[in-house]
Amino acid sequence: MDSLSKVKELIIPLFLKEDIQLYDLSWHQEGKSRILQIAIMRKDGSMDIDTCAEMSEKISTILDEADIIASEYFLEVCSPGAERELKNEQQIVDAIDEFVYVKLKNPKAGMDAVKGFLRAYENDEAVIEYMDKAVKRKISISADNIALIRLSVKI
């Protein structure tokens, strides 16, 4: 079992108790610093700095007691952000009716990217409703043609 799996196993009970969801868990390198980044959110997609700080203290205690990470590291507990990447099918399904940005691997309908409302995700197909000048249009994009899908802030 790798270190991320062990960390996840240790912190999931805390998240269940606190009604917090684990959004992402990853290692990052910044210069010589190794960072364990844990992105968390509530079921409604929100998160605040005070909760991040509180969870950071609790996670730090759990990890220190378990002593499963041999090398020195920094712990960063954060929100996944307003324009978070949707990394798996469940996150995409949870984002139905949200405003999204989709980057395509291969252009479709003359577009290599589209911003609009995710209206459906079924059978590995995303349906995006977008505006083309003053006209509402829909486009279906197969999952294998999606290079990136993330929430987007509508301006």
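**Reading helix H2 and its salt bridges**

Author: Let us begin where H2 ends: the helix is followed by aspartate 67, whose phi is positive, near 50°. Helices (H or I, at least four residues) and strands (E, at least two) are DSSP runs, numbered from the N terminus. This is a predicted model, in which local features need pLDDT of at least 70 and side-chain atom pairs count only at pLDDT 80 or more, while totals for chains, interfaces and linings use all residues. Residues are numbered from 1 along each chain as its sequence is written, and side-chain values use heavy atoms, with hydrogens and water left out.

Reader: What span does H2 reach from its first C-alpha to its last?

Author: The expected span of a helix is 1.5 Å times one less than its number of residues. H2 has 18 residues and reaches 25 Å, close to the 26 Å expected.

Reader: Which residues of H2 are buried?

Author: Buried means under 20% relative accessible area, exposed over 50%, and partly exposed in between (1.4 Å probe, protein chains only). An α-helix has 3.6 residues a turn, so residues three or four places apart point the same way. In H2, the buried residues are Thr51, Cys52, Met55, Ser56, Ile59 and Leu63. Seen down the axis of H2, they fall within an arc of 135° (taken from the directions from the helix axis to the C-beta atoms), so they line one face of the helix. The face turned away carries the exposed residues Asp50, Glu57, Asp64 and Glu65.

Reader: How should I read a salt bridge within H2?

Author: Side chains of opposite charge can pair when their charged atoms come close. A salt bridge is a side-chain nitrogen of Lys or Arg within 4 Å of a carboxyl oxygen of Asp or Glu. Lysine 58 forms one with glutamate 54, the closest N and O atoms being 3.2 Å apart. The two residues are four apart in helix H2 (residues 49-66), hence separated by about one helical turn. Lysine 58, at 29% relative accessibility, counts as partly exposed, as does glutamate 54 at 37%. Glu18, Glu54 and Lys58 are linked in a network of salt bridges.

Reader: How many salt bridges does the structure hold?

Author: The structure holds 10 salt bridges. One of them joins the side chains of lysine 87 and aspartate 24 (2.7 Å, N to O). Lysine 87 lies in the loop between strand E3 (74-78) and helix H3 (89-94), and aspartate 24 in strand E1 (residues 21-30), so the pair ties together parts that are 63 residues apart in sequence.
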